[in-house]
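User: Please take me through this model one question at a time, stating the cut-offs behind each term where it comes up.

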Amino acid sequence: MRIALKFFKSLCLGVAVLSSLSINDAEAARLKDIASIQGIRENQLLGYGLVVGLAGTGEKNSKFTEQSFRSMLNNFGIKIDESTSLKIKDVAPVAIHATMPPFSKTGQTIDVTVSAIGEATSLRGGTLLQTMLRGVDGNVYAIAQGSLVVGGLGVEGADGSKVTVNTPTVGRIANGAIVEREVPDNFSQTDSFVFNLNRADFTTAKNVVDAINDLYGDGSAVAQDSASIRVSAPRDPSQRVSYLSTLENIEIDQGEDAARIVVNSRTGTIVIGNNVKLKPVAVTHGGLTVTVSEDPRVSQPNSFSQGQTAIVPDSQINVSEKKGKMFKFDTGATLDDLVRAVNQVGLAPGDLMSVLEALDKAGAIDGKLEII
């Protein structure tokens with residue numbers, strides 16, 4: 001009883017201190033926004049089923065779809081001879097996947113996504129028959145069924161012309177699966193929680209530890225590494241909920257990321273971090289343009305010369321070179337200096353990539369150049 005009373009006094013003190021923290025700091029963020037609690041996670045579910053009621057947009061001739069359809073009929077006591085060919089153009093085999101939120105309880109519903117896996121051209125107007133959704137351990141955690149909502153549209157003419165809008169072979173069923181089994185968890189069985197930072201950083205981890213220890217006393221939180229912080233917790237589940245509610249709303253000053261320049265060579269996107277610094281260096285960049293144009297001409301022979309008309313190639317090659325401009329960076333030049341110089345010179349993204357690579361080779365960048 002004394003332990004519980006002491007905990008709630010500490011909890012009230014923590015709420016009072018928390019309310020006095022400044023939330024205007026641009027670098028500060030709530031703990032719940034930069035970290036997750038180990039063990040409290042979503043779970044993926046997957047199933048295979050049949051969608052019926054399609055207006056001729058289902059399977060054309062698929063053995064495994066026919067086998068699935070026979071198995072479904074057998075479950076209802078309807079047996080069809082193996083030699084009988086089934087017309088299943090109104091049926092489509094589908095894969096069903098869903099995400100089960102943490103602490104989902106039996107009887108609750110979750111959304112499901114249905115995707116065609118055969119030759120079906122559209123799932124519009126179809127209905128998913130009862131399908132079991134399994135977890136990675138093979139156990140059934142939910143049962144899905146219902147009418148599909150398909151945002152795509154596909155139309156085909158008699159001459160083979162087609163018009164497709166979005167993706168008509170993927171549909172969604174809101175609240176289409178009922179949870180039948182709960183995922184076991186150890187929320188109320190451990191003596192501590194582990195917060196995992198979304199972005200590992202030693203400075204941020206230290207700030208989290210300091211903020212929690214300021215609220216609940218030294219030793220309440222211990223950093224295991226740059227990404228994980230272990231926090232002591234009460235054993236009473238009702239106290240744990242209030243305890244975590246306070247912790248996840250603590251404002252944390254995040255450490256600044258390492259200086260980095262990210263270049264996407266496929267799209268031409270260049271992102272330069274604010275902490276990137278340049279060493280003293282002079283840069284010049286010029287462009288050499290070679291243009292080859294073809295202007296074929298027709299050679300017509302004179303009359304009665306018994307010659308033949310021929311096409312004579314006529315190639316013209318032009319070479320032009322831009323005058324390169326030089327710009328110089330002094331010690332500790334910042335991102336603003338680099339952007340200003342680039343804008344003055346008027347470099348294209350491709351040229352800027354070449355300049356950045358050359359600067360990195362010359363050791364003039366205090367930061368990391370990443371090309372993806």
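User: Which residue stands opposite Ile229 in β13?

Analyst: This is a predicted model, in which local features need pLDDT of at least 70, side-chain atom pairs count only at pLDDT 80 or more, and totals for chains, interfaces and linings use all residues. Residues are numbered from 1 along each chain as its sequence is written, and side-chain values use heavy atoms, with hydrogens and water left out. With that understood, the residue facing Ile229 of β13 is Phe195.

User: How many bridges join β11 to β13?

Analyst: Helices (H or I, at least four residues) and strands (E, at least two) are DSSP runs numbered from the N terminus, and two strands pair if DSSP finds at least two bridges between them. Strand β13 covers residues 228–232 and runs antiparallel to β11, and the number of bridges joining them is 5.

User: Which are the edge strands of the sheet that holds β11?

Analyst: The sheet is open and consists of 4 strands in the order β2-β11-β13-β12, with antiparallel pairing. The strands that pair on one side only, and so form the edges because each lacks a second partner, are β2 (35–37) and β12 (221–223).

User: What angle does the direction of α5 make with that of β11?

Analyst: Axes are lines fitted to C-alpha atoms, for helices over the stretch in contact (heavy atoms within 4.5 Å), and the angles between N-to-C directions run from 0 to 180 degrees. On this sheet α4 packs against β11, β12 and β13, its direction making about 170 degrees with that of β12. Helix α5 (residues 237–247) also packs on the sheet, touching β2, β11 and β13, and its direction makes with that of β11 an angle of about 30 degrees.

User: Which element gives the most residues to the largest nonpolar core?

Analyst: A nonpolar core is a set of buried Ala, Val, Leu, Ile, Met, Phe, Trp, Tyr and Cys residues joined through side-chain atoms within 4.5 Å, where buried means under 20% relative accessible area, exposed over 50%, and partly exposed in between (1.4 Å probe, protein chains only). The largest core has 25 residues, of which Phe195, Ile212, Ile229, Val231 and Leu247 touch the most other members. Two or more residues come from each of α2 (31–34), β2, β11, α4, β13 and α5; with 7 residues, the element that gives the most is α4.

User: Why is Arg199 classed as exposed?

Analyst: Arg199 belongs to the loop between β11 (192–197) and α4 (202–216). Leaving aside neighbours within four places in sequence, its contacts are Asp257 and Arg260. Arg199 counts as exposed because its relative accessible area is 55%.

User: What is the length of the polar contact between the side chains of Arg199 and Asp257?

Analyst: A polar contact is a pair of N or O atoms within 3.5 Å; within protein, one must be able to donate a hydrogen and the other to accept it, and residues adjacent in sequence count only if both atoms are side-chain atoms. For the side chains of Arg199 and Asp257, the polar contact is 3.4 Å.

User: Is Asn43 buried or exposed?

Analyst: Asn43 lies in strand β3 (residues 43–52), and its side chain has a polar contact of 3.1 Å with that of Arg41. Not counting residues up to four places away in sequence, Asn43 touches Ala98, Thr99, Met100 and Val183. Because its relative accessible area is 18%, Asn43 is classed as buried.
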